[in-house]
Amino acid sequence: MTEATRRTPGTPCWVSLMVHGLDATCEFYAALFGWEFLPGPQPLGPYVRALLDGREVAGIGQLPPDRHLPIAWTTYLATDDADETAETIRCCGGTVAVGPLDAGEAGRMAICSDPAGAVFGVWQADAHHGTAAAGPAGTPVWNELLTYETASMGKFYQSIFDYEIEPVVSADFDYLTLHLDGRPVASLHGVGTALPRDRGAHWMTYFEVDDVDASARLVSELGGQVLRPPREGTAGRLALVTDPEGAVFTLVRSAERSSWAAERSSRAAERSS
């Protein structure tokens with residue numbers, strides 16, 4: 001489990017969602033992940049923090065009625081200086097759409113996009129360090145950029161946060177992993193023309209669940225959609241889904257967690273026999 005501490009710059013540290021129907025969206029995620037909610041800082045309007053077992057895991061805010069922006073989960077990358085990072089993003093060909101601005105005593109933030117148009121946030125922590133738990137069911141466990149190609153995008157993000165890059169050497173698979181302090185923190189997946197036209201390049205949040213199939217069915221029952229049914233992948237069992245307002249995210253039962261659970265069940269069976 002990852003606790004909330006100050007992260008190395010470039011580490012995904014928070015995910016948030018801006019929607020039109022805040023109450024209905026909270027009801028959806030409470031039923032799906034077991035989240036509870038507390039009011040958070042409101043520099044851009046009504047905003048709540050989602051808690052799981054008392055630990056903050058995500059944020060959800062309400063868009064002004066006249067703002068018709070794409071509804072999507074936003075990945076925030078940690079920084080020690082939001083203003084300096086924002087300027088670097090501009091110099092490297094990215095765009096700063098919002099901020100930098102203070103979010104009360106929680107910290108300082110900016111909403112940006114990379115040269116391919118993928119939106120992400122930067123977060124300079126003060127009182128709020130970000131996601132306080134990652135690993136248990138209902139928590140964000142991975143962030144991946146889906147983009148056209150990884151070569152130039154990898155250079156863009158590396159020039160901002162000094163990532164170590166580990167590419168997959170393959171003629172038909174464009175993928176690289178971003179490392180900080182010797183550990184993987186995020187990935188970039190180049191899918192070319194397979195990018196959805198209605199979303200373009202975008203960051204994807206993976207939320208851990210105990211049972212991907214059951215959670216995907218629940219998404220449908222709660223008014224969301226299953227865009228890609230449950231399947232086995234290298235990361236574990238996955239399903240691509242949306243909430244009722246159209247925010248896309250991935251449900252995952254991580255392979256390492258599944259292996260641990262299987263080993264635990266096997267040992268229990270051995271003890272009982």
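Begin with the open sheet of 8 strands, ordered β10-β11-β12-β9-β13-β16-β15-β14 with mixed pairing; two strands pair if DSSP finds at least two bridges between them, and strands (E, at least two residues) and helices (H or I, at least four) are DSSP runs numbered from the N terminus. Select β10 (164-167) and β14 (225-233): these stand at the edges with a single partner strand each, so one side of each lacks a neighbour in the sheet. The model is predicted, with local features requiring pLDDT of at least 70 and side-chain atom pairs pLDDT 80 or more, while totals for chains, interfaces and linings use all residues. Residues are numbered from 1 along each chain as its sequence is written, and side-chain values use heavy atoms, without hydrogens and water.

Next, select β13 (residues 202-208) and β16 (residues 248-254), which run parallel and are joined by 3 bridges. In β16, L251 is the bridge partner of F207.

Proceed to helix α2 (residues 82-91), whose buried residues (under 20% relative accessible area; exposed is over 50%, partly exposed in between, with a 1.4 Å probe and protein chains only) are A82, T85, A86 and I89. These cover an arc of only 100° around the axis, taken from the directions from the helix axis to the C-beta atoms, which puts them on the same side of α2. The face turned away from the buried side of α2 carries the exposed residues E84 and C91.

Display the surroundings of α2: its buried residues pack against β5 (73-79), β6 (95-103), β7 (107-113), β8 (119-125) and α3 (150-161), contact meaning heavy atoms within 4.5 Å.

Finally, select G93, just after α2, which takes a positive phi of about 100°.
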